[in-house]
Amino acid sequence: MSIETILHMNTGNGESSYATNSYLQEHGIQRALHVTNEAINRMCNDLGGFPGVFKIADLGCSSGPNALLGISNIISRVHDMCNENNFEVPQFQVFLNDLIENDFSILFRSLPTFYAKLKNGEGDHCGPCFVSAVPGSFYSRLFPNKSIHLFLSSYAVHWLSQVPQGIENNKCNIYMAKTSPTNVFEAYRKQFEKDFTKCLRLRSQEIIRGGRIVFTIPGRSISDPTSEDCCIIWELLAKSLVDMVKEGRIPESDIDSFNIPYYTPYEDEVRDVIKKEGSFLIDNLYSFALDWEPYNSDNGKMDVADRPIRGKNTAKLIRAVIEPMMATHFGNSIMDMVFYKFEEHVVHHLSAREGRNFNLVISLTKH
């Protein structure tokens with residue numbers, strides 16, 4: 001089945017929805033805000049102000065409150081720059097992009113609140129803002145030549161265009177893992193290089209000279225592709241599926257034929273792809289770590305009593321991201337049990353060490 005028809009977050013705003021369980025991504029967007037602000041500052045200086053219509057595209061916007069959070073931050077910063085430099089505030093044209101199965105309806109329903117907050121925050125001088133959706137893969141052309149001033153993409157381009165080929169021997173794993181054969185790591189790396197190169201090449205045609213791109217993606221802190229901040233969360237989910245095999249609920253072959261189209265790159269891998277593709281210069285590459293549940297962290301310390309609730313919340317976060325793809329492959333009927341077991345594995349993991357997610361923020365300038 002095509003990745004484009006099954007790769008989407010849990011829809012709606014229920015208990016397992018992405019809209020309800022995307023707090024880690026929200027925290028990451030806020031941590032990346034200073035990089036986005038710096039990109040806007042530099043672009044304003046390079047262009048001598050802002051165009052009459054400032055065009056922003058969010059690649060892989062998903063659904064829920066985070067979809068418009070980055071856009072709100074950008075508009076606020078542009079207003080500040082205009083006030084500081086006595087520039088005329090531009091109009092804003094915002095394009096929200098994601099795959100065709102994304103829950104765009106929940107985005108549209110949030111627009112009245114979004115517009116009201118803009119008006120409240122920026123007052124009577126708020127530039128008109130026009131929001132529209134652009135369904136489609138960011139591994140294809142989305143916009144006319146030289147039409148976009150700023151691309152934003154938060155927690156999206158780590159999703160690959162397809163599962164890497166030739167990894168049928170990745171037995172009882174669903175991603176790169178400590179027990180994966182070496183060819184699996186190479187296949188994932190090559191697929192990421194191919195996809196990220198294509199994404200950059202396509203955007204280079206769509207962005208103006210001097211335009212900016214800001215990517216925020218999960219990555220890994222060391223070159224070793226089995227590092228825990230890269231793979232452990234998926235190893236715990238694979239263990240949950242293996243438990244289901246041992247109980248006779250699913251055949252082992254179902255796990256062996258399932259791998260996620262996902263890659264968490266090392267900083268040097270990202271730099272190499274950008275350099276080889278050649279259309280962009282790196283303005284900034286910033287990294288930071290987040291706890292799996294960043295809003296319940298107390299300076300890296302965790303009470304024993306907190307582990308069950310943090311395990312439950314982490315399981316809900318991952319379920320919101322991966323359940324549609326898993327349900328298509330394994331069936332809806334086992335999802336509750338799989339994620340209950342996953343929650344138990346997360347709690348056990350947290351009894352020995354912290355759960356961390358490593359992140360990269362990359363700001364690029366078009367030559």
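Let's start with Val347, which sits in helix α11, spanning residues 335–350. This is a predicted model, so please read every value here as computed from a prediction. Val347 has a relative accessibility of 23% and therefore counts as partly exposed, since the buried class is kept for values under 20%. Its C-alpha atom is separated by 9.3 Å from that of Thr314, although the two residues are 33 apart along the chain.

A second residue to look at is Ser253, found in helix α8 (residues 252–256). With 46% relative accessibility, Ser253 is partly exposed too, because the exposed class begins over 50%. The C-alpha atoms of Ser253 and Cys172 are 8.5 Å apart, while 81 residues separate the pair along the chain.

**A strand with two partners**

Now find strand β5, residues 207–219. Is this strand mostly buried or exposed? Of its 13 residues, 12 are buried, so β5 is largely enclosed by the rest of the structure.

Strand β5 pairs with β4 (residues 148–154) in the parallel sense, over six bridges. One place to see this is Leu150, whose bridge partner in β5 is Arg212. Helix α6 (residues 182–206) joins β4 and β5 in making a right-handed β-α-β unit.

Strand β5 also pairs with β7 (residues 356–366), this time running antiparallel, with eight bridges joining them. Here you can look for Thr216, whose bridge partner in β7 is Val361.

**Two enclosed spaces**

How many cavities of 30 Å³ or more are there? The count comes to two, and the table sets them side by side.

| Cavity | Volume | Lining by class |
|---|---|---|
| Largest cavity | about 70 Å³ | six nonpolar, five polar and no charged residues |
| Second largest cavity | about 40 Å³ | seven nonpolar, one polar and one charged residues |

Which elements each supply at least two residues of the lining of the largest cavity? They are α3 (33–47), α4 (66–85), β4 and β5. Helix α4 gives the largest share, with three residues. The lining includes Leu152, Ser154, Val214 and Thr216, and Thr216 is the residue you have already met as the bridge partner of Val361.

The second largest cavity is lined by another set of residues, among them Asn173, Tyr175, Trp234 and Glu235. Try picking out Ile174, Met176 and Cys231 as well, since they also line the second largest cavity.

Notes
Residues numbered from 1 in each chain as written. Predicted model: local features only at pLDDT ≥ 70, side-chain atom pairs only at ≥ 80, totals over all residues. Heavy atoms only, no water. Helix = DSSP H or I, 4+ residues; strand = E, 2+ residues; numbered from the N terminus. Buried < 20%, exposed > 50% of the residue type's maximum accessible area, 1.4 Å probe, protein only. Pairing = 2+ DSSP bridges. Right-handed = clockwise from strand over helix to strand, strands pointing away. 1 Å grid on protein atoms, 1.4 Å probe; cavity = no way out; pocket = protein on both sides within 12 Å on 5 of 7 lines; lining within 4 Å. Points joined across faces, edges and corners; volume = space filled by probe spheres on them. Nonpolar A, V, L, I, M, F, W, Y, C, P; charged D, E, K, R; others polar.
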